[in-house]
Amino acid sequence: MTTDFALFLEAFHFLRPLWLLLVPATLALWWWVRRPLRRDGMQAEGIAPHLREALTVGRAQRRRLTPIDSTAAILILAALGAAGPTWSRQVDPFAAQSAPAVVVLAVTPGMEQTDLPPSRLERGKQKIRDFLELRAGARTALVAYAGSAHAVLPMTEDPQVMVPYLEGLSPEVMPREGAVAGEALALAQAMLADEGAPGGVLFVTDSIDPADVATLDASAAPRAVLATRPEGSRDRGLDALSAPVVAVTPDDADIRRIDGLLNAAYRRAQLDDVAQPWEDRAHWLAWPAALILLLWFRRGWTMRWAALATLALLMPQGARADGIADWFLTPDQQGRIAFDRKDYERAAELFVDPLWRGYALYRDGQYDDAVLVLDRVETAQAAAIQGMAQIKGRHYRDGVRAFETALARDPDYPGAAENLETAKRIVTYVENAQAGSDTGEDRGIGADEEVYDNESGQGEETLRPQGDAGGEGLLTGDQWMTTVDTSTGDFLRMRFALEAAAPPPEAPAEDAPAEEGE
């Protein structure tokens, strides 16, 4: 909360500060109208107090509110709103709204102690699942370490993908004993370097080797540590860290604090992104002004000149009078409110901006409509969103073309090159699967109407069998996982062992100095 307030104070400013000149002018007008009501009563020291009270006229009027008081308050609020207060930038519709994070889990024998029920390791896994649920939709990766560090899972937006890998981690799958937190941090930083946005590292561990403290403190990436230790216990390495160390709590207070710490650097980077315009927060001041405006329905309270001036300031240009919200908010602002509430269908109806409207349609699952709307926008961002819509609509080759268009418009657009390669791999996989697949028609297998595109015409069109159909057919992801004899833990043990046995990459050799006489 302290960090959020500090960022608010750092970023707060006005987009149109010249409108602030109306504030002192309004105060001067208020003082001029109020001045006759503030004149001192007659000087009558010789009159008894009860008689002076009875002879004094207008004292009660000086104490109560008058129309000029409410008028001045409304005009000041309107002037502040017209000045355009802001403290955040407009959110990039194609960027993640949470910082990418790498979770680094210590998988050491010490983490199997049961002084933190059911064990330190299991409690850490539980907190990681809570962290993934809290950051649903955010990009998260998983690294495990003991005597060696291994990337368990690369960046993913689907938390359910990480759960089986998380469950398979135990000290038995680690090829070496130890606790090389420094190597794990280097691996996490390498994964974050591929992201288009600044991210953070979360260590989930019960101990840090004092030899790794200097390495962790020297890291430029935001980091936090979730200490899976019983309350009151100490660790020399954890105590020496400069990074925030959060103790495990029975509720989710620890996870929420860590998420706030990691996102602080992300929000600061968004403030420094000059490519994104500042978000006008004037509408926040319209509501208190409207509430004060209700006083003008009282008899003798209306000041017509002030009403006209206030409405002129509050009414946005080109606003429609279809409803109360249209007096204060543009259609795009109303669409943004619906978008933030995850009412994407309503947001798509409200947005006028084709980029935001197309993105809202994409988030609502109306992929074909999103592609058509985004055709109006000739930017790399629009093409990238079209690519994602085409992929999710299973038009894979069109997705490849869309990402190629995005790169043609902006070769450095974040994520476009990676998504292009992924889309190409999907096309290759689908076509190879179709070329070597058997539709099962000779066995009488039923199929639904879901068909993947196969533009090159390789093989037969692959049809997904219905769940109630008899015979053999393609398996769903869950069915395939249940048929695999090797557990996730065995898979990770073999993979980690191969990685640990592989020789480290050779550093580029420096040019040797030439010998004399050559």
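**Exercise 1. Find the salt-bridge partner that Glu-279 has in helix H15, and decide whether the two residues are buried or exposed.**

Step 1. In this predicted model, Glu-279 pairs with Arg-336, their closest N and O atoms being 3.8 Å apart, and the pair qualifies under the rule that a salt bridge is a side-chain nitrogen of Lys or Arg within 4 Å of a carboxyl oxygen of Asp or Glu.

Step 2. The two partners come from distant parts of the chain, 57 residues apart: Glu-279 sits in the loop between helix H11 (253-271) and helix H12 (283-293), whereas Arg-336 belongs to helix H15 (residues 331-340). Helices here are DSSP runs (H or I, at least four residues) and strands likewise (E, at least two), numbered from the N terminus.

Step 3. Glu-279 has a relative accessible area of 13% and is therefore buried, and Arg-336, at 14%, is buried as well; the classes are buried under 20% relative accessible area, exposed over 50% and partly exposed in between, with a 1.4 Å probe and protein chains only.

Step 4. Glu-279 also forms a salt bridge with Arg-281, at 3.4 Å between the closest N and O atoms, and a network of salt bridges links Glu-279, Arg-281, Arg-336 and Asp-340.

Residues are numbered from 1 along each chain as its sequence is written, and side-chain values use heavy atoms, with hydrogens and water left out. Because the model is predicted, local features need pLDDT of at least 70 and side-chain atom pairs count only at pLDDT 80 or more, while totals for chains, interfaces and linings use all residues.

**Exercise 2. Classify the two partners of the salt bridge between Arg-234 and Asp-239 by their accessibility.**

Step 1. The side chains of Arg-234 and Asp-239 meet at 3.2 Å, N to O, and the protein has 16 salt bridges by this rule.

Step 2. Arg-234 counts as exposed because its relative accessibility is 60%, while Asp-239, at 43%, counts as partly exposed.

**Exercise 3. Describe the largest nonpolar core and the surroundings of Leu-105.**

Step 1. A nonpolar core is a set of buried Ala, Val, Leu, Ile, Met, Phe, Trp, Tyr and Cys residues joined through side-chain atoms within 4.5 Å; the largest has 54 residues, and those with the most contacts inside it are Val-102, Val-104, Leu-105, Tyr-145, Leu-169 and Phe-203.

Step 2. Apart from neighbours within four places in sequence, Leu-105 is in contact (heavy atoms within 4.5 Å) with residues including Met-111, Leu-121, Ile-128, Tyr-145, Leu-169 and Val-204.

Step 3. A second, separate core of 21 residues includes Ala-338, Ala-348, Val-377 and Ile-385.

**Exercise 4. Which residues line the second largest cavity, and how do they divide by class?**

Step 1. The lining consists of Phe-203, Leu-216, Arg-223, Ala-224, Val-225, Leu-241 and Ala-243; a cavity is a set of points on a 1 Å grid over the protein atoms alone where a 1.4 Å probe fits but cannot get out, and lining residues have an atom within 4 Å of a point.

Step 2. Strand E7 (residues 223-227) gives the most to this lining, with three residues.

Step 3. The lining divides into six nonpolar, no polar and one charged residue, where Ala, Val, Leu, Ile, Met, Phe, Trp, Tyr, Cys and Pro count as nonpolar, Asp, Glu, Lys and Arg as charged, and the others, Gly among them, as polar.

Note on methods: 1 Å grid on protein atoms, 1.4 Å probe; cavity = no way out; pocket = protein on both sides within 12 Å on 5 of 7 lines; lining within 4 Å.
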